[in-house]
Amino acid sequence: MIEIVNWKRGMEVKNEMQLEFRAISDNEAFARTAVAAFVAQLNPTLEEISDIKTAVSEAVTNSIIHGYEGEDCEENRVWIHCFIKEDVLEVDIKDSGVGIGDIDKAMEPLFTTKPELERSGMGFSFMEAFMDDLEVYSEPGQGTTVHMVKKLGITPWIADAE
């Protein structure tokens, strides 16, 4: 499994959580609701919650549909690891599926490897639009990790120099 170096190393982790669940479509709603409940401790706005839920939903759906090619197998799992650092949420969504051969191509708007399933090819575009940072790590046959960052609230990214 690909490991991720956490964003903004100097920030102390205030809280974290991990989930593991079977890679079936029924668990997509569970995943987005669990992440939304976890981030509630930061008192996010409804818009921030909606953005996070949409991005998590897209990443989990990609793992199920593309990572495991929709195959319902008990061994197929999706992992979510969330960190809260100050007022920043980081979310890693991982699978151990088929991986992505060309990440740049996969991230192009409207690109899909599953047109027969009426996939729009907008998953990564939505993740980029609703989160502040998105990184995708993948190797064919090794799975994929989607790392997303969302700054919550109105405080600036960089503290003012005093």
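Helices here are DSSP runs of H or I with at least four residues, strands are DSSP runs of E with at least two, and both are numbered from the N terminus. On that basis the protein has four helices and five strands. The model is a predicted one. Along the sequence the elements follow the pattern β-α-α-β-β-α-α-β-β. Of the 162 residues in the protein, 49% are buried. Among contacts between residues at least 6 apart in sequence, 68% join residues at least 24 apart.

The sheet is a good place to start. It is open and consists of five strands in the order β1-β2-β3-β5-β4, with antiparallel pairing. The edges are taken by β1 and β4 (133-139); each has a single partner strand, so one side of each lacks a neighbour in the sheet. From one strand to the next, the twist averages 10 degrees.

Strand β1 covers residues 13-22, and β2 covers residues 77-85. These two strands pair in the antiparallel sense over nine bridges. Two residue pairs help to locate this pairing in the model. F21 has V78 of β2 as its bridge partner, and E16 stands opposite F83 in β2. Strand β2 is largely enclosed by the rest of the structure, because seven of its nine residues are buried.

On to the next strand of the sheet: β3 spans residues 88-95. The pairing of β2 with β3 is again antiparallel, over eight bridges. K85 has V88 in β3 as its bridge partner. The hairpin made by β2 and β3 has two residues between the strands, and E86 in this hairpin takes a positive phi near 55 degrees. Most residues other than glycine have a negative phi. E86 is therefore worth locating in the model: it sits in the loop between β2 and β3, and it is partly exposed, with a relative accessible area of 46%.

Next comes the helix that lies on these strands. Helix α1 (residues 28-39) lies across β1, β2 and β3, running at about 165 degrees to β1. This helix has 12 residues and reaches 17 Å from its first C-alpha to its last, close to the 16 Å expected at 1.5 Å a residue. Its buried residues are E28, A31, A34, V35, A36, F38 and V39. They pack against β1, β2 and β3, and also against α2.

What angle do helix α1 and helix α2 make where they pack? Helix α2 (residues 46-67) packs with α1 at an angle of about 145 degrees, and the two axes are 9 Å apart. The crossing of the two helices is right-handed. On the α1 side the contact involves E28, A31, R32, V35, A36 and V39, which meet I49, I52, K53, V56, S57, V60 and T61 in α2. By class, this contact has eight nonpolar, two polar and three charged residues. Several of the α1 residues named here also belong to the buried set of that helix, among them A31, V35 and V39.

Two loops around these helices remain. The loop between α1 and α2 contains N43. Phi of N43 is near 55 degrees, a positive value in a residue other than glycine. N43 is exposed, with a relative accessible area of 67%. The loop between α2 and β2 contains E74, which is exposed, with a relative accessible area of 52%. Where exposed means a relative accessible area over 50%, E74 falls in that class at 52%, whereas E86 at 46% is partly exposed. The C-alpha atoms of E74 and R22 are separated by 6.6 Å, although these residues are 52 residues apart along the chain. R22 is the last residue of β1 (13-22), and E74 lies in the loop that leads from α2 to β2.

Taken in order, then, the part of the model described here runs from the edge strand β1, through α1, which lies across β1, β2 and β3, and α2, which packs with α1, to β2 and β3, which pair in the antiparallel sense.

Technical notes:
Residues are numbered from 1 along each chain as its sequence is written. This is a predicted model: local features need pLDDT of at least 70, side-chain atom pairs count only at pLDDT 80 or more; totals for chains, interfaces and linings use all residues. Side-chain values use heavy atoms; hydrogens and water are left out. Axes are lines fitted to C-alpha atoms, for helices over the stretch in contact, and angles run from 0 to 180 degrees between N-to-C directions. A crossing is left-handed if the near helix is turned anticlockwise from the far one by less than a right angle, and right-handed if clockwise. Contact means heavy atoms within 4.5 Å. Ala, Val, Leu, Ile, Met, Phe, Trp, Tyr, Cys and Pro count as nonpolar, Asp, Glu, Lys and Arg as charged, and the others, Gly among them, as polar. The expected span of a helix is 1.5 Å times one less than its number of residues. Buried means under 20% relative accessible area, exposed over 50%, partly exposed in between (1.4 Å probe, protein chains only). Two strands pair if DSSP finds at least two bridges between them.
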